[in-house]
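Colleague: I would like to learn how to read the strands and the core of a fold. Could you take me through one case slowly?

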Amino acid sequence: MSSIIYLIPTLLDENAAQTIPAYVMQAVKDSSVIFAENERTARRFFKKMDRDIVIDNYEWYSIHKAEAEVLQSFREKIKQHKNICIISEAGCPGIADPGQVLIAAAQQMDAIVKPLVGPSSILLALMASGMNGQQFEFLGYLPIDNYERVKRIQAMEINSQKKNSTQIFIETPYRNNQLVETLLKVCKPNTQLCIAAELTGNNEFIKTKTIAAWKKDKTDFHKKPVIFLLYCGS
């Protein structure tokens with residue numbers, strides 16, 4: 001009997017439990033091993049979703065960046081035909097997440113991989129942006145070095161116009177405002193920028209405007225979880 005690897009979506013906002021379908025916890029109960037990006041927050045998430053769950057009945061492993069030792073333990077559990085949950089820190093495992101290394105190993109070992117429905121900040125932001133959802137790229141974090149960052153932003157504009165593609169990227173929350181300032185300085189006035197902050201939360205904010213229009217808006221995004229989307233129509 002093959003192991004089942006459940007990819008467990010988790011909350012983007014701790015007060016948005018309604019965004020997780022009930023069948024997700026059924027998958028957790030069908031498993032005996034948990035590989036979590038952050039064990040502490042994963043435990044808290046499970047307790048929020050089901051007060052009666054006995055968390056210590058599971059075998060727990062921290063993913064971090066899926067070091068060789070963690071990967072070996074994961075493979076051993078598959079060989080033992082155990083059902084396993086992989087859970088990200090926020091959103092969906094395998095999407096901008098170190099869990100993808102484990103998922104690749106599961107595929108190589110012919111385990112059954114079951115992705116479960118839940119909130120993805122990348123997709124939610126794209127859905128609400130009004131930008132091109134047929135052609136898009138997720139680029140992760142931009143370079144920290146200012147010179148390299150400017151070069152990357154300029155390249156994104158060129159790439160978006162050339163491919164008619166939405167460019168999606170993120171930043172460490174405490175550097176959000178600095179990134180916005182750089183975007184406003186570097187990008188062309190007619191380039192569209194969507195800023196999606198605190199998705200699924202009570203203070204959810206999603207706005208798409210031209211760079212020229214954003215220059216008139218001084219919204220503060222400091223220390224907020226944000227997804228940025230940039231689009232230059234062809």
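Modeller: Let us begin with one pair of strands: strand E2 (residues 33-36) and strand E4 (residues 84-87) run parallel and are joined by 4 bridges, and within that pair Val33 stands opposite Ile84 of E4. Please keep in mind that this is a predicted model, in which local features need pLDDT of at least 70 and side-chain atom pairs count only at pLDDT 80 or more, while totals for chains, interfaces and linings use all residues. Residues are numbered from 1 along each chain as its sequence is written, and side-chain values use heavy atoms, with hydrogens and water left out.

Colleague: What makes two strands a pair, and in what order do the strands form the sheet?

Modeller: Two strands pair if DSSP finds at least two bridges between them, and the strands (E, at least two residues) and helices (H or I, at least four) are DSSP runs numbered from the N terminus. Here 5 strands form an open sheet with parallel pairing, in the order E3-E2-E4-E1-E5. Strand E3 (59-62) and strand E5 (112-115) are the edge strands, each pairing on one side only.

Colleague: Which strands pair with E1?

Modeller: E1 pairs in the parallel sense with E5 over 4 bridges, where Ile5 has Val113 as its bridge partner. E1 also pairs with E4, again in the parallel sense over 4 bridges, and there the bridge partner of Tyr6 is Cys85.

Colleague: How should I read the side chains along a strand, and which way do those of E1 point?

Modeller: In a regular strand the side chains alternate between the two faces of the sheet. In E1, Ile4, Tyr6 and Ile8 point one way, whereas Ile5 and Leu7 point the other way, and all are buried, where buried means under 20% relative accessible area with a 1.4 Å probe, counting protein chains only. Because 5 of the 5 residues of E1 are buried, this strand is largely enclosed by the rest of the structure.

Colleague: What is a nonpolar core, and which residues touch the most other members of the largest one?

Modeller: A nonpolar core is a set of buried Ala, Val, Leu, Ile, Met, Phe, Trp, Tyr and Cys residues joined through side-chain atoms within 4.5 Å. The largest one has 21 residues, of which Ile8, Val28, Ile34, Phe46, Trp60 and Ile87 touch the most other members. E1, helix H1 (23-29), E2, helix H2 (39-49) and E4 each supply at least two residues of this core, and the largest share, 4 residues, comes from H1.

Conventions. Buried means under 20% relative accessible area, exposed over 50%, partly exposed in between (1.4 Å probe, protein chains only).
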